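Good morning, and thank you for coming. Please take a moment to look at the sequence and the structure on the screen.

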Amino acid sequence: MIRSRVLVSGRVQGVYFRDSCRQLAVRQGVRGWVRNRPDGRVEAVFEGSADQVGQLVEWMRHGPDSAVVEDIEVHTEQPEGIDGFAIR
């Protein structure tokens, strides 16, 4: 199991980014959470297999159709054993 924290900037709030992310994470069996940050970015934490997490990170590079991703930061962290996937 691996864990990645992802920060995405651009036009990423108000475009169903969080819910689209949650739906994909649930389908992929990835655990974690996603939230809007006060600075306008979207932040997500993913835990799962390297393949599962990698697919979510790749999706974050473009997001849903109405999003405009300008930048993405990916940080590797120690897994915490999160249960489920939530929008915070």
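I shall begin with the sheet, then turn to the helices, and end with the nonpolar core.

Please bear in mind that this is a predicted model. Its sheet is open and has five strands, arranged in the order β4-β1-β3-β2-β5, with mixed pairing. The edge positions belong to β4, residues 68-77, and β5, residues 85-87. Each of these two has a single partner strand, so one of its sides has no neighbour in the sheet. From one strand to the next, the twist averages 15 degrees.

Let us look at one edge. Strand β5 pairs with β2, residues 31-36, in the parallel sense, and three bridges join them. As an example, Trp 33 has Ala 86 in β5 as its bridge partner.

Next come the helices. Helix α1, residues 17-28, packs on the sheet and touches β1, β2, β3, β4 and β5. The direction of α1 makes about 175 degrees with that of β5. Helix α2, residues 50-60, lies across β1, β3 and β4, and runs at about 160 degrees to β3.

What, then, is found in the core? In soluble globular proteins, nonpolar side chains tend to be buried together. Here the largest nonpolar core has 21 residues, and those touching the most other members are Val 6, Val 8, Phe 17, Cys 21, Phe 46, Leu 56 and Met 60. Two or more residues come from each of β1, α1, β3 and α2. Which element gives the most to this core? It is α2, with five residues.

Finally, consider Leu 56. Leaving aside residues up to four places away in sequence, its contacts include Cys 21, Leu 24, Ala 25 and Phe 46.

Conventions. Residues are numbered from 1 along each chain as its sequence is written. This is a predicted model: local features need pLDDT of at least 70, side-chain atom pairs count only at pLDDT 80 or more; totals for chains, interfaces and linings use all residues. Side-chain values use heavy atoms; hydrogens and water are left out. Two strands pair if DSSP finds at least two bridges between them. Helices (H or I, at least four residues) and strands (E, at least two) are DSSP runs, numbered from the N terminus. Axes are lines fitted to C-alpha atoms, for helices over the stretch in contact, and angles run from 0 to 180 degrees between N-to-C directions. Contact means heavy atoms within 4.5 Å. A nonpolar core is a set of buried Ala, Val, Leu, Ile, Met, Phe, Trp, Tyr and Cys residues joined through side-chain atoms within 4.5 Å. Buried means under 20% relative accessible area, exposed over 50%, partly exposed in between (1.4 Å probe, protein chains only).
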